[in-house]
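Welcome! Take a moment to look over the chains below, and then try a few exercises with worked solutions.

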Amino acid sequence: MAVYGGAERSLLVIIFDVHPCQKIITNHQHRFHQVLEAVIAFSNGHLLMKPDNRLAIIGCHSGASDYIFSDKDYAVVPTGINDGQYELFAHVEKCIRKNIKQFLSKMSNNLPAGESLLAGACGMGLCYIQRMKRELPIGDKMNSRILVLTGSNDSASQYMNYMNVFFTAQKENVVMDVCTLEHDQGLLQQGCDITGGAYLKTPQQQGLLQYLMWVFLPEPPLRKKLVLPPPVKVDYRAACFCHRQLIDIGYVCSICLSIFCKFSPICTTCHALFKTPGPPPSKPKKKKPKM
Amino acid sequence: MADDDDVKEYRWETGYEKTWEAIQEDDQGNLEASVAEIIQRAKRKAQMERKGHTRLGMMRHMYIILDASEAMHDQDLKPTRQLCTLKLMEGFVEEFLYENPLSQLGFILSRNKRAEKITELSGNYKKQLEVLKSNFGQPNSCSGEPSLQNALELALSSLKHMPSHAIREVLVIMGSLTTCDPGDINITIQKLKTASIRASLIGLSADVRLCKSLCMTTGGDYGVVLDDVHFKHLLSTHALPPQAAAEHSSSALVKMGFPHHAPTDNKTSYLAMCMCHLDSEEGSKLDGGGYLCPQCRSKYCELPAECKVCGLTLVSAPHLARSYHHLFPVQPFTLIPIDQNRTPSCFGCRVQFKTIDKQVYKCEKCCEVFCLDCDMFIHDTLHTCPGCSTNQQTYQTLSSES
Amino acid sequence: MVFLDSENDSSSASQSASRHSNVNNKVIDLEDSSANGILRHKALQCANLYEYLITLPEDVIDTLFSYPIICLAVYRDLPDIGKHYVMRVLFVEQPVPQAVIASWVGQEYSKEHTEVVEVLSKLKVWQEASIPGGLPAWALNITFKKNLKVAIFGGGSSWGCNPNMEADTKARDVEYLDKYAMERWECVLHYMVGSQQQEGISADAVRILLHAGLMKRDDDDGSPVITRDGFQFLLLDTPAQVWYFMLQYLDTVYARGMDLAQCLAFLFQLSFSILGKDYSTEGLSESLLTFLQHLREFGLVYQRKRKGGKFYPTRLALNMTRQKGKSEISSQEGFVIVESNYRVYAYTDSNLKVALIGLFTELLYRFPNMCVGTLTRDSVCMALRSGITSEQIIRFLTLHAHSLLVAKGGPVIPPTISDQIRLWEKERDRFNFTEGILYSQFLSHSDFSVLRDYASEQNCLIWHCDKRRTMVVTKQGHDDVKKFWKKHSKGPISNC
């Protein structure tokens, strides 16, 4: 039958933001458990789709990022409980619970202030995907994607790292999906747009699992056929280096491409000295010589 | 690199090299490991050379002069020099515009003792390649003799009008060993030098003194290809932005616009014609999407573009961001002996270190340890150290260098 | 006038001037295999899980759905869009209007939607239901829904075999199990091709092979010989072989007095179990234990001792339902290189594999670790005659292509070779065989022409020759023409 697809495998890397300052965690103690349950169910949902599917989960907060689940955890140790759950799923569930507990207990004492360093965790994910690609048997194909699940605030301080991650993902055909629980994340939106992933801000936290299963479980090739939330308009305006404000028109250093919102005589990035500002309209004219 | 060209001897003039001694057999008498190590070392060496120039020539304006003479029919590059060049050019143009987002390219062909400009400088690689294919890719495209001087003069006449902050470059792909010139080419070379145009040349046949002096005088690179792989390698060295020499170009702040999508989200989205297709044959379509120039509100369907109405350069922020890694590269990692007890696995991909690896790579900034594959991947592609970027103290912020 | 439908044309039996004879001795005749060779044969049909399940009666499917593990297998086998639908309605308690579900896919994919809906309905995964507004709706099968949830989230009741918690003192590693499984399986295949190693296969296994039509009793001495299906079977990849074989086995389950649902559930449990782990036989019913012994014989499970109380599933049993794509066992080293000069190099020391290569090549050399053969017209035609199709040969060569060839990309078999094999098969298809009845020896030309015209009007005339007054009509048309002739001859000129 034509509807039966080929056996491509797909690798899903979930970046799970566990920063304790997220509102969803501070507001309700039990909310975090709900999110965790959703992550576990979603992970197993992914493994359920195809027998060859692979999974990795990276936990991330402001102090550290670490693997919650990776290929090392694939050796299934029977749980001893036989309640009808597929052994692998039971094992995955147990592993995630155990490792996340470990990860959280390490953090509790000396957590540095600051936001969750999601870009770095994505970088780790890309390294992992890279290795999985290398280890793939000859002739097999693998789709890989990263799902970022976060409730953190939007901030531009990791801009550079994010951009590097997005362009690498684009180059390596890794799709980046983002599910934010609370705030809109402009930067991550750009990442989704660049790599062709889905972006969703969950309208309500109650049905998190439903949203995950609906938008993020289908693999990118299948998504084309489904009716999903329309892509959001991405704000591609630049943030200036001096005040980190979004600007429409700015000045760009010809040496290092740093962006400034006002003319300044010296570039703060590469220390180049600039000549007189010159009337702005005259500059572009020079760039367009009449032949 | 260009400076020591005078003193560099040809390889056959240097002392006797015992190349085979670099290769050692391992216990089983295999060479593979040794060869792999040499390759790795070479790769890492190339990486080390590339670190940390904060002053790079990012706004490049480059004319590529292609030899379209009889000599290009030679079959020493498969299938012919012409087709091999065309194929590699396709890759190069794309890579060039990817690595140098605000740069512009143009093509000049030289055949029948003349030079003709087939494309003006622009940043649209699809259009460039289309024109190149129809002008250079045909079986009858290459004929007669090339004229290096005419081609250089033609490039010079366009490039000298470029703004002073722009890096001006000429890249010549030369198949022929001769050139048919109307006057003294040395004068042209001097003119190029005074206009601070950097000329590089890739020869497809043999080392020619004139070509070499052209490159040396203007500060470009000269190379002669060994085979198609080497050709590709030589080309790719030109894709990375060159270091900006202070005397060559004066820096400037260029005013640019960062357009957003046309406002389709509010219900009163209005239709508009895009400016980029106005003069093309199929004409411009009327629709709601696209990008609006923040200065004059004219619409464009893709970025980057130069506003035809008010002349503002329009780019998107990710476009600029694509080249930031040249400015803030990841520092090379240091080789350290493997210590399986302290660090059992790679920080990036979590691969288990095996004793066979012998050496692993450590980032000096965040002290995390990586495997060779991740080391390569981080420096070549990712340009962000996962260790540093997951550490509150070391992650790279926008203002880290200020 | 009498028309005879006897097997032989018998001039002696003719009581009339007009005699018909039977020319259908070249027609498919299932008893007569010697005649089959020249006819195109239908390729071996290997049903997938979906095709198999829809053949089962509804109540059996319902029983099957009471096993979480089967729900899991069925879910995995669904088309991608189907998986999406099921996932989305899994947590919805009420039936979902059909129009709502149809709106989940884009307009341009509505055809796929219809297909998926059909698959889901046929599998009884969901049924039509009505909701208060009177709109047609879909509701997931309650058993399926409950047990799929159990499979994913747990919380069901214990069933089947438990993994042993304490470590086995003489645990077998994966490598050993793989070797064991392949040995057992190849033993069966060996038996089929009749090469050496004839021992080691039980009467029960032979019975299954016979039942499956892969082998049949020889007419002369009653010993089992391989059939055309058997040849095709040999060229399948191992997982497909196992699956085909198990389907045939399950057919015989009723006859053995076993419970089909239980056996299937056990099989799926095996296919979802962990390689290299031992499971306890405790709590298995008597019939399942017998079933286990059969599986053991074919290498799907490993048991050290018959009554040891534990068993290891092998790779053969794992992921049995996946025939698409490469499963783990078939991705073992490819060994065949086909050159454009029709030479086939097979790097193998297995007699079976050499025998398989020998099915369609002329073997030239045989070395300890490799053999060389050439594809010739004769050797391929021989294979085609024994029922193998050209596609199967090509598939076999592609499937087992040497990993170096696969890594290089491009076609693994030179296109000239695959084309030639197909051409050789086409060569055999120059004849079209149609069953028919011969009418001859008409007394007068007018008689002949009347009947001929009638037959051609009825569109059942295959061939005729005016000079010799003979004609052939199709078998379907025969009765009609016969009746007409009887009426005609009884009519004005009643000469009978």
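The exercises that follow go from one whole chain to helices, salt bridges and annotated regions.

This is a predicted model, in which local features need pLDDT of at least 70, side-chain atom pairs count only at pLDDT 80 or more, and totals for chains, interfaces and linings use all residues. Residues are numbered from 1 along each chain as its sequence is written, chains are lettered from A and ligands numbered from 1 in the order in which they are written, and side-chain values use heavy atoms, with hydrogens and water left out.

**Exercise 1. Describe chain A as a whole.**

Step 1: Start with secondary structure, where helices (H or I, at least four residues) and strands (E, at least two) are DSSP runs numbered from the N terminus. Chain A has nine helices and 10 strands.

Step 2: Turn to burial, where buried means under 20% relative accessible area, exposed over 50%, and partly exposed in between (1.4 Å probe, protein chains only). Of the 291 residues in chain A, 59% are buried.

Step 3: Look at contacts, meaning heavy atoms within 4.5 Å. Among the contacts in chain A with a separation of 6 or more, 63% join residues 24 or more positions apart.

**Exercise 2. Check the length of helix α2 of chain A, and say how covered it is.**

Step 1: The expected span is 1.5 Å times one less than the number of residues. Helix α2 (residues 29-49) of chain A has 21 residues, so it should span 30 Å.

Step 2: Its end C-alpha atoms are 32 Å apart, which agrees.

Step 3: Helix α2 of chain A is mostly covered, with 16 of its 21 residues buried.

**Exercise 3. Repeat the check for helix α4 of chain B.**

Step 1: This helix (residues 148-159) has 12 residues, and 16 Å is expected.

Step 2: From first C-alpha to last it reaches 16 Å, close to the expected value.

Step 3: Its buried residues include B:Leu148, B:Leu152 and B:Leu159.

**Exercise 4. Which parts of chain A does the salt bridge between A:Glu172 and A:Lys133 link?**

Step 1: A salt bridge is a side-chain nitrogen of Lys or Arg within 4 Å of a carboxyl oxygen of Asp or Glu. Here the N to O distance is 3.9 Å.

Step 2: A:Glu172 sits in the loop between α5 (159-171) and β5 (174-180), while A:Lys133 belongs to helix α4 (residues 118-134), 39 residues apart.

Step 3: A:Glu172 counts as buried because its relative accessibility is 18%. A:Lys133, at 27%, is partly exposed.

**Exercise 5. Are B:Arg198 and B:Glu169 buried or exposed, and what does their pairing tie together?**

Step 1: These two residues form a salt bridge, with the closest N and O atoms 3.1 Å apart.

Step 2: B:Arg198 lies in strand β5 (residues 197-203) and B:Glu169 in strand β4 (residues 167-174), so the pair ties together parts 29 residues apart in sequence.

Step 3: Both B:Arg198 and B:Glu169 are buried.

Step 4: The pair also belongs to a network of salt bridges that links B:Arg60, B:Glu169, B:Arg198 and B:Asp221.

**Exercise 6. Locate the annotated regions of chain B.**

Step 1: UniProt positions are given in the numbering used here, feature names are shortened, and annotations may be inferred rather than shown by experiment. An unreviewed UniProt entry places "domain: VWFA" at residues 61-214 of chain B.

Step 2: That span is 38% helix and 25% strand, and its end C-alpha atoms lie 19 Å apart.

Step 3: An unreviewed UniProt entry also places "zinc finger region: C4-type" at residues 293-310 of chain B. Residues 293-310 are 0% helix and 22% strand.
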